[in-house]
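This note is offered to a colleague who meets the structure for the first time. The points below may be read alongside the sequence and the coordinates.

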Amino acid sequence: MSERIVILMRMYQVQFHSIEDVKAFVNIANHYGYEIQLQRDAYQVDAKSILGVLSLGIGVPMTVRAHTLNASVLKGELTPYLI
């Protein structure tokens with residue numbers, strides 16, 4: 001019998017209003033050992049890359065996708081950016 005490991009994906013809607021917001025968000029994302037992505041429309045980037053996040057723009061809604069079973073701490077840190 002084989003075992004399956006299921007990693008759930010948590011999704012949150014965020015919006016950044018300045019470059020400082022983006023820098024703070026990327027610093028938060030880099031504290032976690034699991035994959036975190038940011039998506040806007042058809043574009044998806046690594047949330048741990050400041051250039052990637054900036055390429056999606058500022059002042060527009062985006063979706064954070066955290067690939068983990070428990071993202072409650074991450075969600076708490078993202079509170080200033082949640083919409």
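In which sense do strand β2 and β3 pair, and over how many bridges?

1. Pairing of β2 and β3. The model under discussion is a predicted one. Strand β2, covering residues 36-40, pairs with β3 in the antiparallel sense, and 4 bridges are found between them. Within this pairing, Q39 has Q44 as its bridge partner in β3.

2. The connection. β2 and β3 make up a hairpin, with 2 residues lying between the strands. D41, in the turn, has a positive phi of about 55°.

3. The sheet as a whole. The hairpin strands belong to an open sheet of 4 strands, ordered β1-β4-β2-β3, with antiparallel pairing. Because β1 (9-14) and β3 each have a single partner strand, they stand at the edges, and one side of each is left without a neighbour in the sheet. From one strand to the next, the twist averages 25°.

4. The other edge. β1 pairs with strand β4 (residues 62-67) in the antiparallel sense, over 6 bridges. One of the residues concerned is M11, whose bridge partner in β4 is R65.

5. Surroundings of Q44. This residue lies in strand β3, which spans residues 43-46. Is Q44 buried or exposed? Q44 is partly exposed, since its relative accessible area of 43% falls between the limits of 20% for buried and 50% for exposed. Setting aside neighbours within four places in sequence, Q44 is in contact with Q37, L38, Q39 and R65. With Q37 there is also a polar contact between the side chains, at 2.9 Å. As for S55, this residue is 11 residues from Q44 in sequence, and the two C-alpha atoms are 10.0 Å apart in space.

6. The salt bridge. How many salt bridges does a search of the whole structure find? The search finds 1. The side chains of E20 and K23 meet in a salt bridge, with an N to O distance of 3.4 Å. Both residues lie in helix α1 (residues 19-29); because they are 3 residues apart there, about one helical turn separates them.

7. Accessibility of the salt-bridge residues. E20 is exposed, with a relative accessible area of 52%, whereas K23 is partly exposed, with a value of 36%. The limit that places E20 among exposed residues is a relative accessible area over 50%.

Conventions. Residues numbered from 1 in each chain as written. Predicted model: local features only at pLDDT ≥ 70, side-chain atom pairs only at ≥ 80, totals over all residues. Heavy atoms only, no water. Buried < 20%, exposed > 50% of the residue type's maximum accessible area, 1.4 Å probe, protein only. Contact = heavy atoms within 4.5 Å. Polar contact = N/O pair within 3.5 Å; in protein donor to acceptor, adjacent residues only side chain to side chain. Pairing = 2+ DSSP bridges. Axes fitted to C-alpha atoms, helices over the stretch in contact; angles between N-to-C directions. Salt bridge = Lys/Arg side-chain N within 4 Å of Asp/Glu carboxyl O.
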